[in-house]
Amino acid sequence: MSSRIKWSEAKKYLNKRVLTLVGVCVLLVGAIVANIVLNNRDGRAVETAGGGKSADSVATSTIGGNFFEIYRNERDSVRTQEIAYLDAIVAQGADPETLSDAQRQKLTLINCMELELTLESLVRAKGFMEVAVSMHEGSVNVIVGAASLTDEQVAQILDIVLTETGEKAENVKVSTSQVGP
């Protein structure tokens, strides 16, 4: 009978782990989908950190609202939802390893949010009135409201991002977006 008790305890433990793993996977897929949707709204080439053109697309202003406001609102909404998922994982009382991972992911998200705000402010200080920054592990995307950027402007923005984040230049993408409809 003791082996039966151990098996039922193991099943409960595995069920919690599986649910936690599924929750984290759903969170990750949601963040990836949001990133793809936000980055693929328009087919124009964009400026990259290296000064060349990239085949990647950049989102532009949408009808009925300012792109930068919409982008920030969507980004904040997704981040709030991600934090809520992580809080739910913590609240359900998962195993110590899963709790530690959820707390680490939450701290990473909070750090990204803080750095995004800092980067947006510093780029605005360089004269760009509209800017949106999105950070993910190993990647920083900066979108500025301009028709085009000079190599000097890209270098200024890249310097800010590299100094504040410690990321490598190849992990930073600087894009432009027309302001207005």
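Start by selecting strand 3 (residues 131–136) and strand 4: the two run antiparallel and are joined by six bridges. You're looking at a predicted model, so keep a confidence colouring handy as you go.

**The hairpin.** Zoom in on the link between these strands. Strand 3 and strand 4 form a hairpin with two residues between them. Click on Gly-138 in the turn, where phi is positive, at about 80°. Then pick His-136 and look across to strand 4, where its bridge partner is Ser-139.

**Strand 4 and its other partner.** Now keep strand 4 (residues 139–145) selected and switch on a surface. Is this strand mostly out in the open or enclosed? Five of its seven residues are buried, so the rest of the structure largely encloses strand 4. Add strand 5 (residues 172–177) to the selection: strand 5 pairs with strand 4 in the parallel sense, over six bridges. To find your place along that pairing, pick Ile-143, whose bridge partner in strand 5 is Ser-175.

Next, bring in helix 4. Together, strand 4, helix 4 and strand 5 make a right-handed β-α-β unit. Helix 4 (residues 151–165) also has the highest mean pLDDT among the chain's elements, at 94.

**Charged pairs on the helices.** Show side chains for Glu-120 and Arg-75, which meet in a salt bridge at 2.7 Å, N to O. Glu-120 sits in helix 3 (residues 96–125) and Arg-75 in helix 2 (residues 67–91), so this pair ties together parts that are 45 residues apart in sequence. Both of these residues are buried.

Stay in helix 2 for Arg-79 and Glu-82, another salt bridge, with the closest N and O atoms 3.7 Å apart. These two are three residues apart, so about one helical turn separates them. Arg-79 and Glu-82 are buried too.

Over in helix 3, select Asp-101 and Arg-104, whose closest N and O atoms are 2.8 Å apart in a salt bridge. Here as well the spacing is three residues, about one helical turn. Asp-101 is partly exposed, with a relative accessible area of 27%, and Arg-104 is partly exposed at 45%.

Now select Arg-72, Arg-75, Asp-76, Arg-79, Glu-82, Glu-116, Glu-120 and Glu-130 in one go: salt bridges with shared partners join them into one network. The full count is nine salt bridges.

**Last stop: the shaky part.** Colour by pLDDT and select residues 42–64, where the score is below 50. Strand 2 (residues 53–54) has the lowest mean of the chain's elements, 35. The 42–64 stretch has 61 contacts in the model beyond near neighbours in sequence. Where pLDDT is low, though, predicted coordinates shouldn't be read in detail. Across the protein chain the average is 76, and 62% of residues score at least 70.

How values were computed. Residues are numbered from 1 along each chain as its sequence is written. Side-chain values use heavy atoms; hydrogens and water are left out. pLDDT is the predictor's confidence in each residue, from 0 to 100. Helices (H or I, at least four residues) and strands (E, at least two) are DSSP runs, numbered from the N terminus. Contact means heavy atoms within 4.5 Å. A salt bridge is a side-chain nitrogen of Lys or Arg within 4 Å of a carboxyl oxygen of Asp or Glu. Buried means under 20% relative accessible area, exposed over 50%, partly exposed in between (1.4 Å probe, protein chains only). Two strands pair if DSSP finds at least two bridges between them. A crossover is right-handed if, with the strands pointing away from the viewer, the path from the first strand over the helix to the second runs clockwise.
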